[in-house]
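Trainee: Could you take one part of this model and walk me through it slowly? I'd like the overall picture of that part, and then a couple of spots elsewhere for contrast.

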Amino acid sequence: MGEFKDIAHLIRLAGVFLFGLILFLVFRAVTIPKSFGQYGPFRGAALVELSSRPLAFAGHEACENCHPDVAELKAKGVHKSINCESCHGPLAKHADDPGNVKPVLPDVAQLCIRCHSENIAKPAGFPQVNVKEHFAGQACNTCHKPHSPGFDVGAKK
Amino acid sequence: MKLNRRQILLLLPAAAVAWDFVLAGNPESSPNYKMSDHWWGMLIDIAKCIGCGSCVRACAMENDVPEGYFRTWIERYHVADWHIENPQVDSPHGGMDGFPPGKTEDGKNFFVPKMCNQCVDSPCSQVCPVGATFHTPDGVVLVDYDYCLGCRYCIQACPYGCRFFHPKKHTADKCTLCYHRITKGLTTACCEACPTGARQLADLKNPNDPIHAFLKTHSVQVLKPHLATGSKLFYNGLDGSVR
């Protein structure tokens, strides 16, 4: 034990290091969010925040639950693969509270030409019209019923 | 009770550990969704895209994307027969309001929808100095808006130009692959709104997902494969001129 007799200064030094370590641990405990590392090297609460964002689009299953008649009609036509909210817009609020939030009917004049106006880059088989030539002063849905337009895909240009 | 210095030195670290434990509290309840069961990507079928802009509008409405910024957008390519290395690309207002009819010239014309590629080895997360951009266990690249300093490194790093600086939040912002929707069993807003099925959300860990049959029977590509970003945005029928 003889060689350890003058270690008082070392103990003091160790004390300083220990104090630093404790400070570090306390600082770390206070500053790192509790959920950090829960799912990976990031703040787990951020995932909860991002995934708890409210919906705007309810999804077509929600529409079909209450409107099976429209879904059935649409399933027979060429528009069968188009989801309801693609034309009707985001309606999660209506799906949550159908009594009070009423959807607004889309403006056909704008709606149909979004997809069906002629464009050089559209796939050749896709039904397109020159709006000025095709349009006879009437709304599209005078002749074409949007839920079941009744034309074969690819029959026209 | 009287403590000497040695006892205090022994007690302090014990107290610190105890305090750490107290602060840790209960682990936050995980969402009702098992992340390890999913690995998200997306399939984009160029031949089906009609450039209607439904996806761009749907994304903006679902995610409150500020006016003039885009988490997803559509580009129209015109590739002249004699100039395939230099395609002409236009994307008026991100394609949100559709496209003008276009000139009839030789060459080919097609639409390319673009968005975050949800890279497995994403350049954006590698450059983030504060770890604000992270990978979820189900393969989505997200931004922690509380951590983000707004230094914009990630915006420069993304080789696909998919990030922007949010003018109100003053943080980087990007496509979240509608994380609030896919964790509830819904598809993304862009896929929900796409009228032709040109966009399909794909769960690569789900053996019943139609993506597997599709990948077996089609030649798909990712954007900028030479950058080895591990993009999970699979393009079917992608032209070589697309950048």
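Mentor: Let's go through chain A as a whole, and then stop at two residues of chain B. Keep in mind that this is a predicted model.

Start with what chain A is built from. The secondary structure comes to 8 helices and 0 strands, so if you read along the sequence you just get α-α-α-α-α-α-α-α. Now look at the overall dimensions. The C-alpha trace of chain A spans about 110 × 45 × 25 Å along its principal axes. The radius of gyration tells a matching story: chain A has 33 Å, whereas a compact globule of 157 residues would have one near 15 Å.

What about burial? Of the 157 residues in chain A, 26% count as buried. The accessible surface of the chain comes to about 10,500 Å², and 64% of that belongs to carbon and sulfur atoms. As for contacts, take those in chain A with a separation of 6 or more: residues 24 or more positions apart account for 47% of them. On the charge side, chain A carries 17 positive and 14 negative side chains, and the centres of these two sets lie 5 Å apart.

Now over to chain B, beginning with Asp209(B). You'll find Asp209(B) in the loop between strand E9 (199-203) and helix H7 (210-217). Asp209(B) counts as buried because its relative accessibility is 13%, and the cut-off for buried is under 20%. Which residues does Asp209(B) touch, leaving aside neighbours within four places in sequence? The contacts are Leu201(B), Ala202(B) and Asp203(B). With Asp203(B) there is a polar pairing to look at: the backbone nitrogen of Asp203(B) lies 2.9 Å from a polar atom of the Asp209(B) side chain. For a sense of distance, compare Asp146(B): Asp209(B) and Asp146(B) are 63 residues apart in sequence, and their C-alpha atoms are 34 Å apart in space.

The other stop is Thr183(B). This residue sits in a loop of chain B too, between helix H5 (179-182) and helix H6 (189-193). Thr183(B) has 9% relative accessibility, so Thr183(B) counts as buried. Its side chain reaches back to the backbone oxygen of Tyr179(B), at 2.6 Å. If you want to find that pair on screen, go to helix H5 (179-182) and the loop that lies between this helix and helix H6 (189-193).

Key
Residues are numbered from 1 along each chain as its sequence is written. Chains are lettered from A and ligands numbered from 1 in the order in which they are written. This is a predicted model: local features need pLDDT of at least 70, side-chain atom pairs count only at pLDDT 80 or more; totals for chains, interfaces and linings use all residues. Side-chain values use heavy atoms; hydrogens and water are left out. Helices (H or I, at least four residues) and strands (E, at least two) are DSSP runs, numbered from the N terminus. The radius of gyration is taken over C-alpha atoms; the globule rule is 2.2 Å times the number of residues to the power 0.38. Buried means under 20% relative accessible area, exposed over 50%, partly exposed in between (1.4 Å probe, protein chains only). Contact means heavy atoms within 4.5 Å. Accessible areas come from the Shrake-Rupley method with a 1.4 Å probe; for residues, only the protein chains shown count as cover. Lys and Arg count as positive and Asp and Glu as negative; His and the chain ends are not counted. The place of a charge is taken as NZ of Lys, CZ of Arg, CG of Asp or CD of Glu. A polar contact is a pair of N or O atoms within 3.5 Å; within protein, one must be able to donate a hydrogen and the other to accept it, and residues adjacent in sequence count only if both atoms are side-chain atoms.
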